[in-house]
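Please look over the sequence and the structure shown here before reading on. The report then takes up the interior, one helix and the charged pairs in turn.

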Amino acid sequence: MKCMWCDAEPIRESVKDCYWVAPDGKTAVQILEAPALDCPNCGQYVTESMSQRIEEALYLNDFSALGSKFRYDELMNAPRINKFLSKG
């Protein structure tokens, strides 16, 4: 597998702790052990597709019970929010 930034080989799968802005736009959360790639030239990075999965999970999952620091798998296993239910 080649690095998406510098084309170096080989890169390896890894995990990375990272910060993300919560959907409210006011707070940040720390996501531990997010899937990442490790390049000998560029270092660790989260791919665009993984970044999109994290963004979707932050919008669609109820992570409020997890606090501001949680593992990637906890976010992915958090209950879904049904934002399309009408409050009537």
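## What counts as buried

A residue is called buried when its relative accessible area is under 20%, exposed when it is over 50%, and partly exposed in between. These words are applied here to a predicted model, and in helix α1 they pick out Met50, Ile54, Ala57 and Leu58 as buried.

## One side of a helix

The four buried residues of α1 cover an arc of only 100° around the axis, which puts them on the same side of the helix. What do the buried residues of α1 pack against? Their partners are the strands β1, β2 and β4 (69–71), together with the helix α2.

The length of α1 can also be checked: with 13 residues at 1.5 Å a residue, the helix should span 18 Å, and its end C-alpha atoms are indeed 18 Å apart, so expectation and model agree.

## The nonpolar cores

In soluble globular proteins, nonpolar side chains tend to be buried together. The largest nonpolar core here has 14 residues, and the members that touch the most others are Val29, Ile31, Ile54, Leu58 and Leu75. Two or more residues each are given to this core by β1 (12–21), β2 (28–39), α1 (48–60) and α2 (72–77), and the largest share, four residues, comes from α1.

Ile31 shows how such a residue is surrounded: once its neighbours within four places in sequence are left aside, Ile31 is in contact with residues including Trp20, Ile54, Phe70, Tyr72 and Leu75. There is also a second, separate core of six residues, among them Ala8, Ile11, Leu37 and Tyr45.

## Charged pairs

How many salt bridges does a search of the whole structure find? The search finds three. In one of them, the side chains of Asp38 and Arg12 meet at 3.0 Å, N to O, and this pair links distant parts of the chain, since Asp38 lies in strand β2 and Arg12 in strand β1, 26 residues apart. Asp38 has a relative accessible area of 18% and is therefore buried, whereas Arg12, with 52%, is exposed.

Arg71, Asp73 and Glu74 are linked in a network of salt bridges. The closest N and O atoms of Asp73 and Arg71 are 3.2 Å apart, while the side chains of Arg71 and Glu74 meet at 3.7 Å, N to O. In this network Asp73 counts as partly exposed at 35% relative accessibility, Arg71 counts as partly exposed at 33%, and Glu74 counts as partly exposed at 29%.

Note on methods
Residues are numbered from 1 along each chain as its sequence is written. This is a predicted model: local features need pLDDT of at least 70, side-chain atom pairs count only at pLDDT 80 or more; totals for chains, interfaces and linings use all residues. Side-chain values use heavy atoms; hydrogens and water are left out. A nonpolar core is a set of buried Ala, Val, Leu, Ile, Met, Phe, Trp, Tyr and Cys residues joined through side-chain atoms within 4.5 Å. Buried means under 20% relative accessible area, exposed over 50%, partly exposed in between (1.4 Å probe, protein chains only). Contact means heavy atoms within 4.5 Å. The expected span of a helix is 1.5 Å times one less than its number of residues. The arc is that of the directions from the helix axis to the C-beta atoms. A salt bridge is a side-chain nitrogen of Lys or Arg within 4 Å of a carboxyl oxygen of Asp or Glu.
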